[in-house]
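Here is a set of short exercises to work through with a structure in front of you. Try each task yourself, then compare your steps with the solution.

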Amino acid sequence: MSDVKCARMLLKAAERDLATLRSMTAEAPEESFGFHVQQAAEKALKAWIAMRGETYPLSHNIGVLLDLLVDTGADLEPFHGLMGYTPYAVEFRYQGVPSGIKAIDREGAMELIEALLGEVRGKLAESE
């Protein structure tokens, strides 16, 4: 699969996670909401990595993915807040969110994911 084709596939998958987030009500569990934020971010970052012709790791760790892109010269400072969603990929998804963890700012999370997807869409358009 070409780098651009792979990036397009991953971006569409991230957009499905964003659509799921948009459809969630305020009563949706934190674990479910956080999981889809993490998944959208992971897939979008992997799309960006693939688009650059790099191999992305099979990892749910948002920090690892951000670091890979920073190493290629990308400015990802606005997206560092997404690192806090890494535990939602597996740990919180199965064990639940421990007491003492701050509730997700759902509006802020949505804005961050939308901004990341917009950035990746723009980069993909430039590469085609």
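**Exercise 1. Is Lys46 buried or exposed?**

Solution. Before you start, note that this is a predicted model.
- Step 1: Find Lys46 in helix α2.
- Step 2: Read its relative accessible area, which is 7%.
- Step 3: Buried means under 20% relative accessible area. Lys46 is therefore buried, at 7%.
- Step 4: Look at the surroundings. Leaving aside neighbours within four places in sequence, Lys46 is in contact with Leu10, Tyr56, Pro57, Leu58, Ser59 and Leu65.
- Step 5: Lys46 and Leu11 are 35 residues apart in sequence, while their C-alpha atoms are 8.5 Å apart in space.

**Exercise 2. Decide how Asp17 and Pro29 should be classed by accessibility.**

Solution. Take one residue at a time.
- Step 1: Asp17 sits in helix α1. Its relative accessible area is 7%, so Asp17 is buried.
- Step 2: Not counting residues up to four places away in sequence, Asp17 touches His36, Gln39, Ala40 and Lys43.
- Step 3: Pro29 belongs to the loop between α1 and α2. Because its relative accessibility is 44%, Pro29 counts as partly exposed.
- Step 4: Follow the chain from Pro29 to Gly96, 67 residues apart; their C-alpha atoms are separated by 9.3 Å.

**Exercise 3. Trace the contacts of Leu11 and Val120.**

Solution. Here we leave aside neighbours within four places in sequence for each residue.
- Step 1: Leu11 lies in helix α1. With a relative accessible area of 6%, Leu11 is buried.
- Step 2: The partners of Leu11 are Ala47, Leu117, Val120, Arg121 and Leu124.
- Step 3: Pick Leu117 from that list and compare two kinds of distance. Leu11 and Leu117 are 106 residues apart in sequence, and 7.5 Å apart from C-alpha to C-alpha.
- Step 4: Now turn to Val120, which is in contact with Leu11, Ala44, Ala47, Trp48 and Met51.

**Exercise 4. Which elements give two or more residues to the largest nonpolar core?**

Solution. Start with the core itself.
- Step 1: The largest nonpolar core has 38 residues, and those touching the most other members are Val37, Leu45, Trp48, Leu82, Ile113, Leu116 and Val120.
- Step 2: The elements giving two or more residues to this core are α1 (3-23), α2, α3 (62-71) and α5.
- Step 3: The greatest share comes from α2, with 11 residues.
- Step 4: Put this in a wider setting: in soluble globular proteins, nonpolar side chains tend to be buried together.

**Exercise 5. Describe the largest pocket and its lining.**

Solution. Go from the space to the residues around it.
- Step 1: The largest pocket holds about 180 Å³ of space.
- Step 2: It is lined by 13 residues, of which Gly81, Gly84, Tyr85, Ile104 and Asp105 are the closest to its centre.
- Step 3: Sort the lining by character: eight residues are nonpolar, three polar and two charged.
- Step 4: Helix α5 (residues 106-127) gives the most to this lining, with three residues.

**Exercise 6. Where in the chain is confidence lowest, and where is it highest?**

Solution. Use the pLDDT values.
- Step 1: The chain averages a pLDDT of 94, and 98% of the residues score at least 70.
- Step 2: Confidence is lowest in helix α4 (residues 91-95), at a mean of 93.
- Step 3: Confidence is highest in helix α2 (residues 30-51), at 97.

Notes
Residues are numbered from 1 along each chain as its sequence is written. This is a predicted model: local features need pLDDT of at least 70, side-chain atom pairs count only at pLDDT 80 or more; totals for chains, interfaces and linings use all residues. Side-chain values use heavy atoms; hydrogens and water are left out. On a 1 Å grid over the protein atoms alone, a cavity is a set of points where a 1.4 Å probe fits but cannot get out, and a pocket is an open set with protein on both sides within 12 Å along at least five of seven lines; lining residues have an atom within 4 Å of a point. Grid points are joined across faces, edges and corners, and a volume is the space filled by probe spheres set on the points. Helices (H or I, at least four residues) and strands (E, at least two) are DSSP runs, numbered from the N terminus. Ala, Val, Leu, Ile, Met, Phe, Trp, Tyr, Cys and Pro count as nonpolar, Asp, Glu, Lys and Arg as charged, and the others, Gly among them, as polar. pLDDT is the predictor's confidence in each residue, from 0 to 100. A nonpolar core is a set of buried Ala, Val, Leu, Ile, Met, Phe, Trp, Tyr and Cys residues joined through side-chain atoms within 4.5 Å. Buried means under 20% relative accessible area, exposed over 50%, partly exposed in between (1.4 Å probe, protein chains only). Contact means heavy atoms within 4.5 Å.
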